[in-house]
Amino acid sequence: MVKVKVDMNLCEYHGQCVFVAPKEFQFDDNDELVYSEEVPEEARARVEKAAKACPQLAIKVE
Amino acid sequence: MSGRDQFVIIGASLAGLRAAEALREYGYDGNISIIGAENSAPYNRPPLSKQLLTGQQDFDELTFPVAEDLDLNWYLGISATGLDIAKREVKLSTENSLRYDRLLIATGVDPIVPPLPNVDLPGIHVLRRIEDAKQLRTDMNAGDHLVIVGAGFIGCEVAASARTLGLDVTIIDQADQPMARALPSEIAQVFRHIHEEEGVRFRFGRTVTGLTGEDRVRAVILDDGETIDADHILIGIGSRPTTHWLEGSGLILRNGVVCDAFCRAMNGEGRVAAAGDVAVFTHRGYNNSEMRIEHWTNAAQQGAAAALSLMDEHSPPYTPLPSFWTDQYSYKLQSIGVPGVATRFQVVSGSLADRKFLVECLKDDELVGVFALNMAPRMASYRRRMEIKMTQQNCQRS
Ligand SMILES: Cc1cc2nc3c(=O)[nH]c(=O)nc-3n(C[C@H](O)[C@H](O)[C@H](O)COP(=O)(O)OP(=O)(O)OC[C@H]3O[C@@H](n4cnc5c(N)ncnc54)[C@H](O)[C@@H]3O)c2cc1C
Ligand code: SF4
């Protein structure tokens, strides 16, 4: 499994991650960012792409 | 050096880094050299006017993560000073030259400084590089009166950061509203009121005619004769593509490096491309209009696209959905598409008065852009919708 972490102190709700990787990142009904903290290996490329698209550099992928 | 293929990137920032990453992901196994005039490793610029000034983020948090297996040859603190297309060589400030098989130009823009007497006095700042931000931040701690020349994004963002820190802020602009070039009047007015409520003073329709001070700046003088005391001044009147080093190279320079629809530079013999703030390209999704986009998301995407179009002649044309955002106080404004061509705007959610809204920008009933103020969640689905439309149009037209 691949670990995903968003630093919510940095996140500015740009929603770039939601656009690039809608399966792994979403906004919920209260407009909060929700995301999968563990994703299967086959989703790695997509979450890494989301991390690169984040203007706040808030997403860490391990 | 061996006969390995040489990919050279000029400009070690967002577009340049994303280009290098895309090349390795594509499987490129030649040498990649990346030349950057600044001493620092690539870093993220948007926080320079925002979180960094307010102290929410520190300098070391801005560095882009760089994967080790990218295997790049770094030339930091070194500038490219010339380009010889026939010899396929870039001249460097070290007096050496680098030979390239493929070259990406990603040198960004430089702030415009008005030709006023005294403009180099201590206390007068521009804001583009991390060094600029360090000086501005140190200076802002030392005096209360900040005068900002130019009510564009950077001016307005710095105003918000400075007010958050309790400084006294005046913004001067020759236009009659903030961010006048990018925003429709209704939205610009919302920001004008937000700033005024936060205590910012505006002088619209005015230009600066003089700067006074001896060992450091003391005041600005306006065209109507008003004098405003200043401990420091930020000049944010726009920027100019960094292409001076390409003069005489044969590349076409017209407010940037002029490229085709694939980000390949005209007259570059198919071996030169440009990306990011410095690049002018033909957008197939918008009737082949020439565009130069000075925003983050474009630099990231175009860096990758331009590098790959030098690798593969069958690359698709570059047809991004333009987008930007700005953060001021607790307000985040986002924009996608080309609202500038809209003939009409409609509020589809929230309201201007509530300062939380979604505005569709229409041209003859076609959706050409969207603005969202503090409604980021709704933007992602619009973005997807408009990207799909862009791809479809693009297929029809090419
Ligand atoms: C204060 C500030 C706030 C911003 N806020 C936002 C925002 O909120 N939203 C948004 O969408 N965008 C924002 N931007 C814009 C965004 O940062 C840029 O679009 C982006 O940095 C462009 O990336 P780039 O790689 O094209 O150019 P740059 O980041 O400008 O990098 C170009 C690099 O090339 C180097 N260089 C120049 N000439 C040479 C040479 N001859 N040889 C070698 N190296 C050279 C420069 O030193 C520089 O490091 C902001 C910019 C600034 C300055
Ligand atoms: S892209 Fe980054 S800043 Fe934007 S919502 Fe995702 S994590 Fe937050």
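A residue is called buried here when its relative accessible area is under 20%, exposed when that value is over 50%, and partly exposed in between. Keep that cut-off in mind as we walk through this predicted model of two chains, A and B.

A good place to try the definition out is helix H3 of chain B, which covers residues 130–140. Its buried residues are Ile130(B), Asp132(B), Ala133(B), Leu136(B), Asp139(B) and Met140(B). In general, an α-helix has 3.6 residues a turn, so residues three or four places apart point the same way. You can look for that pattern in the buried set, for instance by stepping from Asp132(B) to Leu136(B) and on to Met140(B). What do these residues pack against? Their partners in chain B are helix H2, strand S9 (124–125), strand S10 (145–149), helix H4 (153–164) and strand S16 (232–235).

Now step back to chain B as a whole. This chain has seven helices and 26 strands. Its radius of gyration is 22 Å, which agrees with the value near 21 Å for a compact globule of 398 residues. Along the principal axes, its C-alpha atoms fill a box of roughly 65 × 55 × 35 Å. Of the 398 residues, 56% are buried. Among contacts in chain B with a separation of 6 or more, 60% come from residues 24 or more positions apart. The accessible surface amounts to about 16900 Å², with carbon and sulfur atoms accounting for 46%. Chain B carries 39 positive and 51 negative side chains, and the centres of these two sets are 5 Å apart.

Chain A has 62 residues, 47% of them buried. Two helices and five strands make up its elements, and from the N terminus they follow the order β-α-β-β-β-α-β. The radius of gyration of chain A is 10 Å, close to the 11 Å of the globule rule, so this chain is as compact as a globular protein of its length. Its C-alpha trace spans about 30 × 20 × 15 Å along the principal axes. Of the contacts in chain A between residues at least 6 apart in sequence, 57% link residues at least 24 apart. Chain A exposes about 3400 Å², and carbon and sulfur atoms provide 48% of that area. With 8 positive and 13 negative side chains, it has charge centres that lie 8 Å apart.

How do the two chains meet? Contacts link 17 residues of chain A to 23 residues of chain B, and together the chains bury about 1700 Å², 56% of it on carbon and sulfur atoms. On the chain B side, Pro377(B), Arg383(B) and Arg384(B) lose the most area to chain A, together 26% of what that side buries.

Two residues give a closer view of contacts between the chains. His14(A) sits in the loop between strand S1 (2–6) and helix H1 (16–20) of chain A. Its relative accessibility is 6%, so it counts as buried. Beyond its sequence neighbours up to four places away, His14(A) touches Pro55(A) and Gln56(A) in its own chain, and Trp325(B), Lys332(B) and Gln334(B) in the other. Gln57(B), in the loop between H2 and S3 of chain B, is buried as well, at 3% relative accessible area. Leaving out residues up to four places away, its contacts include Leu10(A) and Gln56(A) across the interface, and Leu62(B) and Arg137(B) within chain B. Another of its contacts is Pro47(B); the two residues are ten apart along the chain, with 7.7 Å between their C-alpha atoms.

Trp325(B) appears again around Glu157(B), a residue of helix H4 that is buried at 5% relative accessibility. Apart from neighbours within four places in sequence, Glu157(B) is in contact with Ser49(B), Lys50(B), Trp325(B), Thr326(B), Asp327(B) and Gln328(B). Between Glu157(B) and Ser49(B) there are 5.9 Å from C-alpha to C-alpha, although they are 108 residues apart in sequence.

Finally, look at two loops of chain B for their backbone. Most residues other than glycine have a negative phi. Asp71(B) has a positive phi of about 55°; it lies in the loop between helix H2 (51–54) and strand S3 (72–76) and is partly exposed at 46%. Tyr329(B) also has a positive phi, near 55°. It belongs to the loop between strand S22 (323–328) and strand S23 (331–337), and its relative accessibility of 22% makes it partly exposed.

Notes:
Residues numbered from 1 in each chain as written. Chains lettered and ligands numbered in written order. Predicted model: local features only at pLDDT ≥ 70, side-chain atom pairs only at ≥ 80, totals over all residues. Heavy atoms only, no water. Helix = DSSP H or I, 4+ residues; strand = E, 2+ residues; numbered from the N terminus. Rg over C-alpha atoms; globule rule 2.2 N^0.38 Å. Buried < 20%, exposed > 50% of the residue type's maximum accessible area, 1.4 Å probe, protein only. Contact = heavy atoms within 4.5 Å. Areas by Shrake-Rupley, 256 points an atom, 1.4 Å probe, with all protein chains shown as cover. Lys, Arg positive; Asp, Glu negative; His and termini not counted. Charge placed at Lys NZ, Arg CZ, Asp CG, Glu CD. Buried area = accessible area lost by both parts, 1.4 Å probe.
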